[in-house]
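Subject: Structure for your files

Hello,

The structure I mentioned is below, with its sequence. My notes on it follow.

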Amino acid sequence: MVFVFMNKTFRLLSASFLMLCPILGSYAQFPQRISTANLYVQREDQPDGGVFLPAPPDTSSVAYIDDFVQWQWGKSVRPTERGERASQESASSTYEMARIFSEALGIKISRSETPAIYNLMSRSYHTAEQASKNPKEKYMRIRPVIQFNETPTGRSDQLESLRTSGSYPSGHTTRGMATALVLAEMAPDCQDTILRRGFEYGESRVIVSAHYQSDVDAGYMCAAACVAAMHSVPDFRTDMERVL
């Protein structure tokens, strides 16, 4: 009787594991969160966007008119193919950066096939992840999707997360453009295409109403400041030399 019970239990556990395999396989595509020890520059040592960036436009200011006009443009684009791509690009990870910039580079970037490039890109991406945090926490700007009581159209955007995190500057844009700047330096023959994709990755955040245009513009600035700081680090220069 005990043997029969254990045999049934084993079969149930085996079936459960087999059902989980596709999920685990999909999850494995995304790298685990990188250790702060692997960042090229720690958050406290990076240029502080809370200091060098201006405050975001107030809703009563003339500067806000441009943000509003760009928000309207983004809304008009959402039903198009470009809008669908913007929705897909709400996902943000090293894996997603590899997917986006593989086409611009003309090669498939992956941990297994291009480990040196993937390592450089991953460390740069996660270093840039820190670059927008100070100004985000300082200003805690309300996002347009909240301001205009919209439903998120970015596939990976969650309303509560958008509600509780600052809009200025755009973290997606900071990470995407920092990755683009590093890859453009690595592959100057493709730099125009790479930088264009970095620009469009930020533009996508306006289309899905996760950010105003001024948030995205500030994200471009944070990315440039972060990459400039990375150039002073021997680890970054060594990793860059490995892929040149």
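I65 sits in helix α3, which covers residues 63-77. Together with V62, F68 and V69, I65 makes a nonpolar surface patch of about 360 Å². Please keep in mind that this is a predicted model.

The next site is S92. This residue is placed in the loop between α4 (81-88) and α5 (94-105). Its relative accessible area is 26%, and S92 therefore counts as partly exposed, since that class lies between the buried limit of under 20% and the exposed limit of over 50%. Setting aside neighbours within four places in sequence, the contacts of S92 are Y125, H172, R175 and Y201. Two of these partners also appear as polar contacts of the S92 side chain: the side chain of Y125 at 2.6 Å and the side chain of R175 at 3.1 Å. On the backbone, the C-alpha atom of S92 is 9.5 Å from that of G171, although the two residues are 79 apart along the chain.

The last site is T127, in helix α6 (residues 115-129). Is T127 buried or exposed? T127 is buried, because its relative accessible area is 0% and the limit for buried is under 20%. Residues up to four places away in sequence not counted, T127 touches L39, Y40, V41, Q46, C226 and M230.

That is what I have on these three sites.

Regards

Note on methods
Residues numbered from 1 in each chain as written. Predicted model: local features only at pLDDT ≥ 70, side-chain atom pairs only at ≥ 80, totals over all residues. Heavy atoms only, no water. Patch = residues over 30% accessible without salt bridge, like charges linked within 9 Å, V, L, I, M, F, W, Y side chains within 5 Å. Areas by Shrake-Rupley, 256 points an atom, 1.4 Å probe, with all protein chains shown as cover. Salt bridge = Lys/Arg side-chain N within 4 Å of Asp/Glu carboxyl O. Helix = DSSP H or I, 4+ residues; strand = E, 2+ residues; numbered from the N terminus. Buried < 20%, exposed > 50% of the residue type's maximum accessible area, 1.4 Å probe, protein only. Contact = heavy atoms within 4.5 Å. Polar contact = N/O pair within 3.5 Å; in protein donor to acceptor, adjacent residues only side chain to side chain.
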